[in-house]
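Hi there,

Here is the structure I promised to pass on. Have a look first, and then read on for what turned up in it.

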Amino acid sequence: MRNFAGTPGTVTALILRLLQCLFAAASIASMASTKSFFSFTSFSYLIASMGLQVIWSFGLAFLDACALAKKKVLHNPGLLSLFVVGDWVISMLSLAAASSSAGITVLYFNDLGSCGFVECQKYQLAVALAFMSWITIGISSLIMLSTLAAAVS
């Protein structure tokens, strides 16, 4: 099996994992810097989901960095299965959290109009960063799935 961009233990995989961490952490920071995020369940769910994504992505980024340093190939089917399931679960949680937060953001700010300008921008930024994080983990999950299929066959 050959290595292609994004497979575990490559520079592209490391960059994708670091971008996932960065976007998720920035989303948490933007949301947590507001004074009333905790009064909305979907915003709290976004923070919990992004926190889980930071932990998962940082762990896999560390694993990719170690594999790069030791020049190891991470194509063990058991390990790849764990990566695939973890990536898909985190991806679905992130999409659900970003979508629900986006819905509340639109309802709360556009329809009800009861938000300060700076607070609205922070909520919108947090949601945008959550979607960017979801895009990067979606790419990683598709790459992991194709790598697992190639490793098993």
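Let me start with charge: the protein carries 7 positive and 4 negative side chains, and the centres of these two sets sit 17 Å apart. Keep in mind as you read that this is a predicted model.

Now the overall picture. There are four helices and zero strands, so reading along the sequence gives you the pattern α-α-α-α. The C-alpha trace spans about 55 × 25 × 20 Å along its principal axes. Of the 153 residues, 42% count as buried. The accessible surface comes to about 7,600 Å², and 75% of that belongs to carbon and sulfur atoms. As for contacts, if you take those between residues at least 6 apart in sequence, 81% of them join residues at least 24 apart.

Next, the aromatic side chains. A search of the whole structure gives three aromatic pairs. One to look at is F43 with Y123: their ring centres are 4.6 Å apart and their planes meet at 25°, which is under the 30 degrees cut-off, so this pair counts as stacked. The two residues come from distant parts of the chain, 80 residues apart. F43 belongs to helix α2 (residues 41–70), while Y123 belongs to helix α4 (residues 117–152). Are these two buried or exposed? F43 is buried, at a relative accessible area of 0%, and Y123 is buried too, at 0% relative accessibility. If you want to see the surroundings, add F40 to your selection: F40, F43 and Y123 form one aromatic cluster.

Last, the cysteines. A disulfide is a covalent bond between the sulfur atoms of two cysteines. How many disulfides does the structure hold? The count is zero. C21 is in no disulfide, and the nearest cysteine sulfur to it, that of C66, is 14 Å away. Why is there no bond from C66? The closest cysteine sulfur to that of C66 is the one in C21, and because the distance is 14 Å, it is too far for a bond; the cut-off for a disulfide is within 2.5 Å. As for their surroundings, C21 counts as buried, since its relative accessibility is 10% and the limit is under 20%. C66 is partly exposed, with a relative accessible area of 28%.

That's the tour. Happy browsing!

Best wishes

Definitions and conventions. Residues are numbered from 1 along each chain as its sequence is written. This is a predicted model: local features need pLDDT of at least 70, side-chain atom pairs count only at pLDDT 80 or more; totals for chains, interfaces and linings use all residues. Side-chain values use heavy atoms; hydrogens and water are left out. Rings of Phe, Tyr and Trp (its six-membered ring) pair if their centres lie within 6.5 Å; planes under 30 degrees apart count as stacked, over 60 as edge-to-face and the rest as tilted. Buried means under 20% relative accessible area, exposed over 50%, partly exposed in between (1.4 Å probe, protein chains only). Contact means heavy atoms within 4.5 Å. Accessible areas come from the Shrake-Rupley method with a 1.4 Å probe; for residues, only the protein chains shown count as cover. Lys and Arg count as positive and Asp and Glu as negative; His and the chain ends are not counted. The place of a charge is taken as NZ of Lys, CZ of Arg, CG of Asp or CD of Glu.
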